[in-house]
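Reader: I am new to this structure. Please take me closely through the side chains: which ones pair up, and which ones are packed away?

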Amino acid sequence: MSKPLDYRAQARADRADAAEQRRLDGIAEEERRAQRQRLADQRAAARREQARADSAADRQAAADRRAERSARRAAALTPSRVYQRGTLTLVTVSALASLPAQVIHFVSIDPMLLPLPLSLEGAAWVMAAGVAYADDRHLPGWVRWLLRALVAAFASFAAFINYEYGLSLAAPGGLSPAEARTVGLGLAAVSLLGPLVFEIRQWVSALSTGDEDERARRRHAAARRRHHRRVRRVAARLTSAAPYGTLPAEAAWERAWEIVHGTTEPGMTARLEKRATKAADRADTARTPAARPPHTSTGPDAAPARAQGPEPEESQVSACAGGVRDRVELPAHTDRTGEPHTPDEDRTAEWDEAELERMRQEARRTYAEAAQAGRTLSARALGEAYGMSESWGRKQIAATRQLAAVS
């Protein structure tokens, strides 16, 4: 009996294992299906993203093409382009209108006269091109005006020929006199219009494309030649005497200036040098403080001297100023390196504004103390006590009185 039982138990175990295996296979198949679905969803999302990117790129490319077309249209329709192209178109139409009339007029007289209208129109246009060439090569102004006069002469003669041809069209079976006159005037106008418009275009182009710096340089050179004729003549002689290209123009000018005026700095003459030296001396004198009087003794030994009689104004100021200096000692004027100035250096060094302000405050305190003590100080005495002028002392007195009135 044990064998059949074992067989059935084994069969049940086999069936359980098979069921478990089927369950595991189903789970694995479900996972594979989910994985395939995720991959498919990812591929679909990538395709949608690529499609959106392609669509955005197409829209951007279309917008770029529209912007490029707009930029080309804007560049083609700028005032300068319209003016230049319109001028060339107008010149071409004028030539096509005037030249055939002249050809017909001269050929009707004699076919051998065919080169004549070509020469007349060609001469006008060649002279107009000569004006452009003169502008490009910066030739003298009289060359341009000569070429312009020739252009006007040839164009006027061609206009006269066309006017005569228009009048010749009046005939019993042709145009009326009024119509013939209108035709003649129109042909004469187009004969003049082409060269005139071309010359105006060249004139405008020369003015608009000219270098502003170059024009300023030419104006400066002209002013220099006009204002300093003697220096210009000497510089020209120096340049012509030196080998070609060895003496620059500026070096020649500096040397000529030194020869004529005796100074090495262009623009400075002997008279200006003298005036500048005098002005510098006056400024140094104004900036240099005068020697201050020594301190007056204020101890007991000075009492008998005061008792003998009234003190001079200068002594009173010195006494007051000495008392203030005992309390507020002014530092010696030093330069930025920290070294004291010598007397010669003080003639060229500027006073520090802080030191000047301290001097003003000291003078005001001196005047205030003198007023409180019942002593009267004049502006001249106060200014001389501090090495300054009478007007400086007057200003300090006025400032002191104003401060006293406010307080």
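Author: Start in helix α1, which covers residues 2-76: here Arg-32 and Glu-29 are three residues apart, or about one helical turn. This is a predicted model. The two side chains form a salt bridge, with the closest N and O atoms 2.6 Å apart. Side chains of opposite charge can pair when their charged atoms come close. The spacing along the chain matters too, because an α-helix has 3.6 residues a turn, so residues three or four places apart point the same way.

How open are the two partners? Arg-32 has 42% relative accessibility, so it counts as partly exposed. Glu-29 is also partly exposed, at 28%.

Now follow α1 further along. Glu-49 and Arg-52 are again three residues apart in this helix, about one turn. Their side chains meet in a salt bridge, 2.5 Å from N to O. Glu-49 has a relative accessible area of 45%, which makes it partly exposed. Arg-52 is partly exposed as well, at 47%.

Next comes helix α15, residues 390-406. It holds Arg-394 and Glu-390, four residues apart, about one turn of the helix. They too form a salt bridge, and their closest N and O atoms are 3.2 Å apart. Arg-394 is partly exposed at 45%. Glu-390 is partly exposed at 39%. Back in the earlier pair, salt bridges that share partners join Glu-29, Arg-32 and Arg-36 into one network. The whole structure holds ten salt bridges.

Stay with α15. It has 17 residues and spans 24 Å from its first C-alpha to its last, close to the 24 Å expected at 1.5 Å a residue. Which of its residues are buried? They include Trp-392, Gly-393, Gln-396, Ile-397, Ala-399 and Thr-400. Seen down the helix axis, the buried residues fall within an arc of 160°, so they line one face of α15. The other side carries exposed residues: Lys-395, Arg-401, Gln-402, Ala-405 and Val-406. And what covers the buried residues? The cover includes α13 (353-372) and α14 (379-385).

That leads to the largest nonpolar core. It has eleven residues, among them Met-359, Tyr-367, Leu-377, Leu-382, Trp-392 and Ile-397. The elements giving two or more residues to this core are α13, α14 and α15. The largest share, four residues, comes from α13. In soluble globular proteins, nonpolar side chains tend to be buried together.

Take Tyr-367 as a way into this core. Setting aside residues up to four places away in sequence, Tyr-367 touches Leu-377, Leu-382, Ile-397, Thr-400 and Arg-401. A second, separate core has ten residues, including Ala-128, Ala-134, Val-151 and Phe-198.

One polar residue deserves a stop. Asn-162 lies in helix α4, residues 141-168. Is Asn-162 buried or exposed? Its relative accessibility is 0%, and the cut-off is under 20%, so Asn-162 is buried. Which residues is Asn-162 in contact with? Leaving aside neighbours within four places in sequence, the list is Ser-98, Ala-101, Gln-102, Gly-184, Leu-187, Ala-188 and Ser-191.

To sum up, look at α15 once more. Its Arg-394 pairs with Glu-390 in a salt bridge. Its buried residues line one face. Its Trp-392 and Ile-397 belong to the largest nonpolar core.

Terms used: Residues numbered from 1 in each chain as written. Predicted model: local features only at pLDDT ≥ 70, side-chain atom pairs only at ≥ 80, totals over all residues. Heavy atoms only, no water. Salt bridge = Lys/Arg side-chain N within 4 Å of Asp/Glu carboxyl O. Buried < 20%, exposed > 50% of the residue type's maximum accessible area, 1.4 Å probe, protein only. Contact = heavy atoms within 4.5 Å. Expected span 1.5 Å × (residues − 1). Arc of directions from axis to C-beta. Core = buried A, V, L, I, M, F, W, Y, C linked by side-chain atoms within 4.5 Å.
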